Amino acid sequence: VLLEIQERNKKRQPVLVGTRSVTSSERLGSKLGLRNIENVILNASRLSHEAGVVAQAGAQNTVTIATNMAGRGTDIELGYGVKEIGGLHVIATEPHESRRVDRQLFGRSGRQGDPGSVSRHYSLDDELFERFLPRIIHSFLKKAVNSEGVSLQPALCRIALTHVQKRAEKLSEMRRKQVMESDANLRSSLGFAKP
């Protein structure tokens, strides 16, 4: 991820990096800082300020690191000369539990006919793979990695990603349903509550 950001930064291409957690975004930001690459970290803590920062994320030589909630609803317009160098490049560093969130991140690039590109760099050590991928498949995929950490089975990795995200989505749906049923039971058991 660092090497890819560095390469894009040399070309002055704006980069938006998506992370799943505040900790991950801050860790990546500090590693970029050690390489003298200026970056802005957005983690949905100051929404009005962050919307302005996200709006500027399409300017040349900009590296923006954001969690999935940061800057939502703000369009990223490409700055002067950015179309000529490839548009906004989006990098996903961790899979989200919801495929919709990943698609929203990727959708930040190439909007309204503008040029753009996306890439994703996921680790099989990620909690999502550890929790939801059967051990035998997880073990096989971890063994099918070259010395640079790149999978020799990219098609199987894509299938595994879809599998773990579907399982995480299903679990999340079941939890929401249980909360709704619990709320309904609580309301009906209280004599003074409205139905």
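User: Which helix or strand supplies the largest share of the lining of the second largest pocket?
Analyst: This is a predicted model, with pLDDT of at least 70 needed for local features and 80 or more for side-chain atom pairs, while totals for chains, interfaces and linings use all residues. Residues are numbered from 1 along each chain as its sequence is written, and side-chain values use heavy atoms, without hydrogens and water. The second largest pocket (on a 1 Å grid over the protein atoms alone, an open set of points where a 1.4 Å probe fits, with protein on both sides within 12 Å along at least five of seven lines; lining residues have an atom within 4 Å of a point) is lined by 13 residues, with Val1, Ser24, Arg27, Thr93 and Glu94 nearest its centre. The largest share, 4 residues, comes from a helix (a DSSP run of H or I, at least four residues; strands are E, at least two), namely H2.

User: At what angle does H2 run to S3?
Analyst: Helix H2 covers residues 22-34 and lies across S1, S2 and S3. With axes fitted to C-alpha atoms, for helices over the stretch in contact (heavy atoms within 4.5 Å), and angles from 0 to 180 degrees between N-to-C directions, H2 runs to S3 at about 160 degrees.

User: Which strands stand at the edges of the sheet?
Analyst: The open sheet has 5 strands in the order S2-S3-S1-S4-S5, with parallel pairing (at least two DSSP bridges between two strands). Two of these strands have a single partner each, so one side of each lacks a neighbour in the sheet: S2 (40-42) and S5 (116-120).

User: What is the bridge partner of Val17 in S4?
Analyst: Strand S1 (residues 15-19) and strand S4 (residues 88-92) run parallel and are joined by 4 bridges. In S4, Val17 is partnered by Ile91.

User: Which helix gives the most to the lining of the largest pocket?
Analyst: The largest pocket is lined by 17 residues, and among those nearest its centre are Arg120, His121 and Cys157. The lining has 9 nonpolar residues (Ala, Val, Leu, Ile, Met, Phe, Trp, Tyr, Cys and Pro), 4 charged (Asp, Glu, Lys and Arg) and 4 polar (the others, Gly among them). With 5 residues from the stretch 154-189, the most comes from H7.

User: Is Arg135 buried or exposed?
Analyst: Arg135 is found in helix H6 (residues 135-143). Its C-alpha atom is separated by 17 Å from that of Ser151, 16 residues apart along the chain. At a relative accessible area of 70% (buried is under 20%, exposed over 50%, partly exposed in between, with a 1.4 Å probe and protein chains only), Arg135 is exposed.
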